[in-house]
Amino acid sequence: MKVKLSEILKLDSFHDVKVVAGREGLFNAVENVYVMEVPDIVSYIDKEGLLFTTLFPIADDQYAMENFIPNLSNNKLSGVAIKLGRYVEKIPEFMIEQADRLSFPILTLPSSANFSLLSNDILTRLIGSKTKELEFRESISNKLHNLLLSGADIKDLVSYVALITNIDIIVISDQLKVIETTLEKDSELFEISEKQIIDFDIKNIINIDNKEPIIINDKINSKKDLNIQTIIAGNKVMGYLILIKNDAKRIPFLNVVIEQASILLAFLLRNRESLIQKERNYLDNFIRSILYTQYSSQTELIQKAKVFKWDIHFPNIILLIDVNHEDQNTKLNNYYKILDSEIITETISSICEIPIENCKTAVYNNKIICFVSIALINDITEKLNKASNLIMKHLKRFGNTSIGVSGRIYSMLEIPKAYEESILVHDIYKKVYKGIGFVEFYDSLGIFKLFHLINNREELESYVEEKLGVVIQSDRTSGMELIKTLQCLIENNMNMKKSADELFIHYNSLRYRVNKLKELGIEINDGNELTEVAIALRLISYLNYPL
């Protein structure tokens, strides 16, 4: 157990000891005592010690004297007590200036001071404090274990710890989701990035030590406001215990309470994790039964879904999400982290302005499947596209994310078909994007559905070459962007003015390009020819054809 330097100064044997510099460091903790007998004392001391010295080993060495205080401070010593008289009559001014600047306490001892007596008094105090700590640890451990044995859950444990410490508490998961808190507000009160957790100091009791604030109840909190304890079970981080400091008097041995509470929270969070996994297994089986149409009525399905806090109704839609990773075990673990974070359902709920219960996610066939009830959503395609792109951004740290969106589902019998539609979107666009993430809708596939039925890529490439080969070759040599021009004209129904505006070129420049296309055999006034050219242009996108 550590004792503050200010408390040591209250001991009877320190009655004649004076503080001559570095008063701001008097709250430094002391857990050992050293006596300086050699010049290179720094090699023989540890941090949080109090050094006794007469300065005899360095009194005649000006360089050593000038570096004495900075070296002790750099080695995180708690302070130095210097006996005046025989070797040093007074503390040099440069030492006092250094100590004040570094908040490093310098104590002066009278010439009659006895190092052994002073050291023994400090060690006696340290041992007494340690004994009290051990007694308190046993007491609090028994109380918390009895609470656990009586059937207490995470909420009960957090409430009890908050009561005896008079400190508000938040428990968050390893995915930074609020599990329990004594604050009177919902889970939106807490905003924290994974980087902030990772950047915390080591030794489990961690204070914030970076520039980003943590926001709780609209209050910006910095290093001095919070204590954070990592909750560990075995080698696995289960979550974090966050204590919000306040102006109330701090209880003795707070670190012991935090330590013991974290041990029991690790046990409770492990149980919670096991329960969540069981619920996942039940949900997986439920979704499998839906996809295999094993329910006789839609009403039965809707009622069963309520067991999983899922308010499913129709029309519905499926988002099939694939987060690429070479290692399948890592991929599966990432999926569960994503589900635990609820980032998918929360994003859709927020963007589409629907209750989160209208969304449900699960892991199915090596992808994340997400059902969304869309009856209450206006501008459904626009909002789902926005939500999906935001989800891609959130999941980027896990790997390239691809999202395929099915067509609308109007009854439970259409769910298997919609699932196949979302798979088809993935099958088609993974060829188009070649490892790059995407958000694509089944309803936008258009002619790609037909292209997908043709397994011979060479035949498709041959068609592109037949219809647009000379134009592509011309672009490669001249850089005139005729393919882009042709695409723009077709999308604008051959409206020259609108196309020129979109291409950011003069109308006459567009006319020149059109004439060039005619020279290359592209007849834009021939409807049948233009249809075939349009198909070839779509094939360029489908095949990711090199231009």
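## Salt bridges

In this predicted model, the side chains of Asp501 and Lys497 meet in a salt bridge, with an N to O distance of 3.4 Å. Because Asp501 and Lys497 are four residues apart in helix α16, about one helical turn separates them. The two partners fall into separate accessibility classes: Asp501 has a relative accessible area of 46% and is therefore partly exposed, while Lys497, at 54% relative accessibility, counts as exposed. Elsewhere, Lys236, Arg270 and Glu273 are joined into one network by salt bridges that share partners.

Another pair is formed by Lys467 and Glu532, whose side chains meet in a salt bridge at 2.4 Å from N to O. This pair links distant parts of the chain, since Lys467 belongs to helix α14 and Glu532 to helix α18, 65 residues apart. Buried means under 20% relative accessible area, so Lys467, at 15% relative accessibility, counts as buried. Glu532, by contrast, counts as partly exposed because its relative accessibility is 29%. A further salt bridge joins Lys331 to Asp322, with the closest N and O atoms 2.8 Å apart, and here both Lys331 and Asp322 are buried. Overall, the count comes to 15 salt bridges. As general background, side chains of opposite charge can pair when their charged atoms come close.

## The largest nonpolar core

The largest nonpolar core holds 39 residues, and of these Leu468 and Tyr542 touch the most other members. The elements that give two or more residues to this core are α12 (415-433), α13 (448-453), α14 (457-478), α15 (482-491), α16 (496-503), α17 (507-519) and α18 (527-543). Among these contributors, α18 gives the most to the core, with eight residues. In soluble globular proteins, nonpolar side chains tend to be buried together.

## Surface patches

On the surface, Leu450, Leu453 and Ile454 make a nonpolar patch of about 310 Å². Leu453 lies in helix α13, and with a relative accessible area of 64% it is exposed. Helix α13 is also one of the elements that give two or more residues to the largest nonpolar core.

A patch of negative charge is also found on the surface, where Glu24, Glu93, Glu97 and Asp100 gather. Glu97 is placed in helix α3, which covers residues 93-102, and it counts as exposed because its relative accessibility is 55%.

## Backbone features

Most residues other than glycine have a negative phi, and most peptide bonds are trans. Against that background, three sites in the model deserve a separate description. A cis peptide bond joins Phe314 and Pro315, with omega at about 5 degrees, and Pro315 is found in the loop between α8 (298-305) and β16 (316-323).

Lys76, although not a glycine, has a positive phi of about 60 degrees; its place is in the loop between α2 (62-74) and β6 (79-83), and a relative accessible area of 56% makes Lys76 exposed. Glu353, likewise a residue other than glycine, has a positive phi near 55 degrees. Glu353 lies in the loop between α10 (343-352) and β17 (359-364), and at 61% relative accessibility Glu353 counts as exposed.

Technical notes. Residues are numbered from 1 along each chain as its sequence is written. This is a predicted model: local features need pLDDT of at least 70, side-chain atom pairs count only at pLDDT 80 or more; totals for chains, interfaces and linings use all residues. Side-chain values use heavy atoms; hydrogens and water are left out. Patches are made of residues with over 30% relative accessible area and no salt bridge: like charges are joined within 9 Å, nonpolar side chains (Val, Leu, Ile, Met, Phe, Trp, Tyr) within 5 Å. Accessible areas come from the Shrake-Rupley method with a 1.4 Å probe; for residues, only the protein chains shown count as cover. A salt bridge is a side-chain nitrogen of Lys or Arg within 4 Å of a carboxyl oxygen of Asp or Glu. Lys and Arg count as positive and Asp and Glu as negative; His and the chain ends are not counted. The place of a charge is taken as NZ of Lys, CZ of Arg, CG of Asp or CD of Glu. Buried means under 20% relative accessible area, exposed over 50%, partly exposed in between (1.4 Å probe, protein chains only). A nonpolar core is a set of buried Ala, Val, Leu, Ile, Met, Phe, Trp, Tyr and Cys residues joined through side-chain atoms within 4.5 Å.
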